[in-house]
Amino acid sequence: MAESREEVPESSKISLLNYIDLSSRDVQSSVSLLKQACLDSGFFYVINHGIDEEFMDDVFSQSKKFFSLPLEEKMKLLRNEKTRGYTPLFDEISDPDNQKIGDYREGYYIGIEVPEDHPDAHKPFYGPNMWPSADILPGWKETMEKYHEKALEVGKKVSRLIALALGLEFNFFDQPAGMLGEPIANLRLLHYEGLASEPAKGIIGAGAHSDYGFITLLVTDNKYGLQICKDKDAKRQIWEYIPPLKGAFIVNLGDMLERLSNSYFRSTLHRVLGNGQERYSIAYFVEPNHDYIVECLPAYQSEKNPPKFPPIKYQDYLLQRYKDTQADLNSYK
């Protein structure tokens, strides 16, 4: 990643986010800042998270090497029914109501490695990963496995602060029987080609959407593109850019936190606009385990404020969301 940061286009709105320092010993202050961010925008930066910048740069470098391969090589690793592997341009349509074509980006999914003979391998989002040949991309698999493991640890650390911000025990989410005991955790490498988005015409890097899971950890290169809409129910949506910040995670809340907290914390609508330049980012989706029943926490419901969402098994929710937004694999045959 380059050291400098590109200037945001003139007249564009910028959203200023709180910084959550995971190395801080002042937990109360961190929880207060995080809670404020969750109530304001659902987005915040996480710094001093324990993953060094040199390694992050290597992950980006390896990502670029994969996306630079000829299309026929990448298509050999086309995503499977477990949502592992390569997703070509237009494979996903994040905002079906407003997009004329799919998202103008390509990606690569890597999940928790579960061997085919493992008792949990039958679950919809568990199984072996798909890997490029070591002859073509030496060290690629090892780099991505290491990053996946480190990012999950960061996600669990953030989950403890979120638990405290909700008035729960710090390990409410991060315990063996909890939501993140055996999580679905997907790393997704993303490459936006150099196309300028035209939202009014339904042409966009990534359509407006909220993330499906618990939280998302995002790192980007130095290109602007990510925008958020703080009020997703507004008739006239106001979009603000999130400035890239080298070495930091941009963290956002997912739909499951909104369901758990009865909309006290809300998942935030966001999208990516292309400006004619290539852009790379790496998303890490921290999601509940397959069988976890997501329902409103007792402290966030009452007779006057009943649950806004019915209980749902997480795997059912995720399967439906992917069905709604991903191209049918049969279309590639």
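## A sheet and the helices around it

Let's start with a helix: α1 (residues 27-40) lies across three strands, β1, β2 (43-47) and β10 (249-253), and runs at about 150° to β1. Keep in mind as you look around that this is a predicted model. Its mean pLDDT is 94, and 96% of the residues in the chain reach 70 or more.

**The sheet**

- Try tracing the strands across the sheet: there are 8 of them, in the order β1-β2-β10-β7-β12-β5-β4-β3, and the sheet is open with mixed pairing.
- At the edges you will find β1 (19-21) and β3 (85-87), each of which pairs on one side only.
- On average, neighbouring strands of this sheet are turned by 25° against each other, with direction ignored.
- What holds strands side by side? In general, strands of a sheet pair through backbone hydrogen bonds, in either a parallel or an antiparallel way.
- For an example, look at β7 (residues 215-220) and β12 (residues 279-287), which pair in the antiparallel sense over 6 bridges.
- Within β7 and β12 you can pick out Leu217, which stands opposite Tyr284 in β12.

**Helices on the sheet and on each other**

- Helix α2 (residues 53-67) packs on the sheet, where it touches β3, β4 (106-110), β5 (184-192), β7, β10 and β12.
- The direction of α2 makes about 110° with that of β12.
- Helix α1 also has a helix partner: α1 and α4 (residues 140-165) pack with their axes 9 Å apart, at an angle of about 80°.
- That angle falls in the range from 65 to 115 degrees, so α1 and α4 are roughly perpendicular to each other.
- From α1, the contact is made by Val27, Ser30, Val31, Leu34 and Lys35; from α4, by Val158, Leu161, Ile162, Leu164 and Ala165.
- Sorted by type, the residues in this contact of α1 with α4 are 8 nonpolar, 1 polar and 1 charged.

**Aromatic rings**

- The whole structure holds 18 aromatic pairs.
- One of them is formed by Tyr19 and Tyr45, whose ring centres are 5.0 Å apart and whose planes meet at 35°, so the pair is tilted.
- This pair links distant parts of the chain, with Tyr19 in strand β1 and Tyr45 in strand β2, 26 residues apart.

**Where to be careful**

- Which residues have a pLDDT under 50? It stays under that value over residues 1-5, for which the model has 14 contacts beyond four places in sequence.
- Where pLDDT is low, predicted coordinates should not be read in detail.

Technical notes:
Residues numbered from 1 in each chain as written. Predicted model: local features only at pLDDT ≥ 70, side-chain atom pairs only at ≥ 80, totals over all residues. Heavy atoms only, no water. Pairing = 2+ DSSP bridges. Helix = DSSP H or I, 4+ residues; strand = E, 2+ residues; numbered from the N terminus. Axes fitted to C-alpha atoms, helices over the stretch in contact; angles between N-to-C directions. Contact = heavy atoms within 4.5 Å. pLDDT = per-residue confidence, 0-100. Parallel < 35°, antiparallel > 145°, perpendicular 65-115°, else oblique. Nonpolar A, V, L, I, M, F, W, Y, C, P; charged D, E, K, R; others polar. Phe/Tyr/Trp six-rings, centres within 6.5 Å; stacked < 30°, edge-to-face > 60°.
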